[in-house]
Amino acid sequence: KPQEQTGAYAETQRQTLITLRLHNNAIADDLDRLIDRISRPGPRQTRHIADAIRQQFAENFTRQGSGSGQWAALAPSTIAQRRRLGFAGQRPILVRTGRYRASFTQRGAANHYESVQYRGSYTTIDVGSDDERGEWLERGTRRMPARPVTLLDNDQSDSIMRVIDFVVQSLEREVIR
């Protein structure tokens, strides 16, 4: 008569392992290509995403505020100085000649910064300005409130994410035909 097995031992005996290896499989090959394309998008795709970021910076200049809310009003002394120099008084904030705004919003403008870096399995897209005024205008000083251009609100971030989703879907259509 066979010896009865204990519950734990009996369970171990009933386990079945299935190993799935995909070699020369069209679906696996498509998936590998898609993952590679998503992690290393080309210039057309990164340009599309950078354009979306610049568009949100432009919106901040237009609404004179950012993700942190409306920018603080200009000091009376600043308004007087602007008028003496021939510029509009109170508005637009952060825009006199337009060079500072352009450094954030226009590819190729003086002091515009844009970089795409591939690191391992991800891509970093940096967009902004190298204008020396940016550091103290973004953060503020002891005597001047911060007026950040680069701080985006949730709607703006969602807008950029929709562009990224579009780019990923386009890559998927390109890779998997």
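**Entry 1. Terms and overall content**

I take helices (H or I, at least four residues) and strands (E, at least two) as DSSP runs, numbered from the N terminus. With that convention, I placed Arg40 in the loop between α2 and α3. I note at the outset that the model is predicted. I looked up the secondary structure of the chain and found seven helices and four strands. Along the sequence I read the pattern α-α-α-β-β-α-α-β-β-α-α. I found that 32% of the 177 residues of the chain count as buried. I also checked the range of the contacts: among those with a separation of 6 or more, 59% come from residues 24 or more positions apart.

**Entry 2. Arg40 and Asp29**

I returned to Arg40 and recorded a relative accessible area of 38%, so the residue is partly exposed. Leaving aside neighbours within four places in sequence, I listed Tyr118, Gly120 and Thr123 as the contacts of Arg40. I then looked up the pair Arg40 and Ser121: they are 81 residues apart in sequence, and their C-alpha atoms are 7.5 Å apart in space.

I next located Asp29 in helix α2, residues 26–39. I noted that Asp29 is partly exposed as well, because its relative accessible area is 35% and the partly exposed class lies between 20% and 50%. For Asp29 and Val175 I read a C-alpha to C-alpha distance of 9.9 Å across 146 residues of sequence.

**Entry 3. Helix α3 on its own**

I checked whether the length of helix α3 fits its residue count. The helix covers residues 43–63, and at 1.5 Å a residue its 21 residues should span 30 Å. I found the end C-alpha atoms 30 Å apart, which agrees.

I then listed the buried residues of α3: Gln45, Thr46, Ile49, Ala50, Ala52, Ile53, Arg54, Gln56, Phe57, Ala58, Asn60 and Phe61.

I looked up two threonines of this helix. Thr46 is in α3, and I recorded it as buried, since its relative accessible area is 6% and the cut-off for burial is under 20%. Not counting residues up to four places away in sequence, I found Thr46 touching Pro41, Val116, Tyr118 and Ile125. I also placed Thr62 in α3, but there I read 57% relative accessibility, so Thr62 counts as exposed. The C-alpha atoms of Thr62 and Ile93 are separated by 9.2 Å, with their positions 31 residues apart along the chain.

**Entry 4. Packing of α3 against α7**

I looked up how α3 meets helix α7, residues 154–175. The two helices pack at an angle of about 165°, and I read 10 Å between their axes. That angle makes α3 roughly antiparallel to α7, given that angles over 145 degrees are classed in this way. I recorded the crossing of α3 and α7 as right-handed.

I then listed the residues in the contact. From α3 I noted Arg44, Gln45, His48, Ile49, Ala52, Ile53, Gln56, Glu59, Asn60 and Arg63. From α7 I noted Gln156, Ser159, Ile160, Val163, Ile164, Phe166, Val167, Leu171 and Glu174. Sorted by class, this contact has nine nonpolar, six polar and four charged residues.

**Entry 5. Positive phi angles**

I turned to backbone angles. Just after α3, Gln64 takes a positive phi of about 55°, and I noted that this residue is not a glycine. I placed Gln64 in the loop between α3 and β1, the latter being 65–66. Is Gln64 buried or exposed? I read 11% relative accessibility, so Gln64 counts as buried.

I looked up Asn111 as well: its phi is positive, about 70°, although it is not a glycine. I placed Asn111 in the loop between α5 (99–105) and β3 (112–119). I recorded Asn111 as partly exposed, with a relative accessible area of 41%.

**Entry 6. Gly128**

I located Gly128 in strand β4, residues 122–129. I recorded Gly128 as buried, with a relative accessible area of 7%. Which residues does Gly128 touch, not counting residues up to four places away in sequence? I listed Phe57, Ser103, Phe104, Asn111, His112 and Tyr113. Asn111 thus appears again, now as a contact of Gly128, and Phe57 is one of the buried residues of α3. Finally, I read the distance from Gly128 to Ser115, 13 residues apart in sequence, as 9.3 Å, C-alpha to C-alpha.

Notes
Residues numbered from 1 in each chain as written. Predicted model: local features only at pLDDT ≥ 70, side-chain atom pairs only at ≥ 80, totals over all residues. Heavy atoms only, no water. Expected span 1.5 Å × (residues − 1). Buried < 20%, exposed > 50% of the residue type's maximum accessible area, 1.4 Å probe, protein only. Axes fitted to C-alpha atoms, helices over the stretch in contact; angles between N-to-C directions. Parallel < 35°, antiparallel > 145°, perpendicular 65-115°, else oblique. Left-handed = near helix turned anticlockwise from the far one by under 90°. Contact = heavy atoms within 4.5 Å. Nonpolar A, V, L, I, M, F, W, Y, C, P; charged D, E, K, R; others polar.
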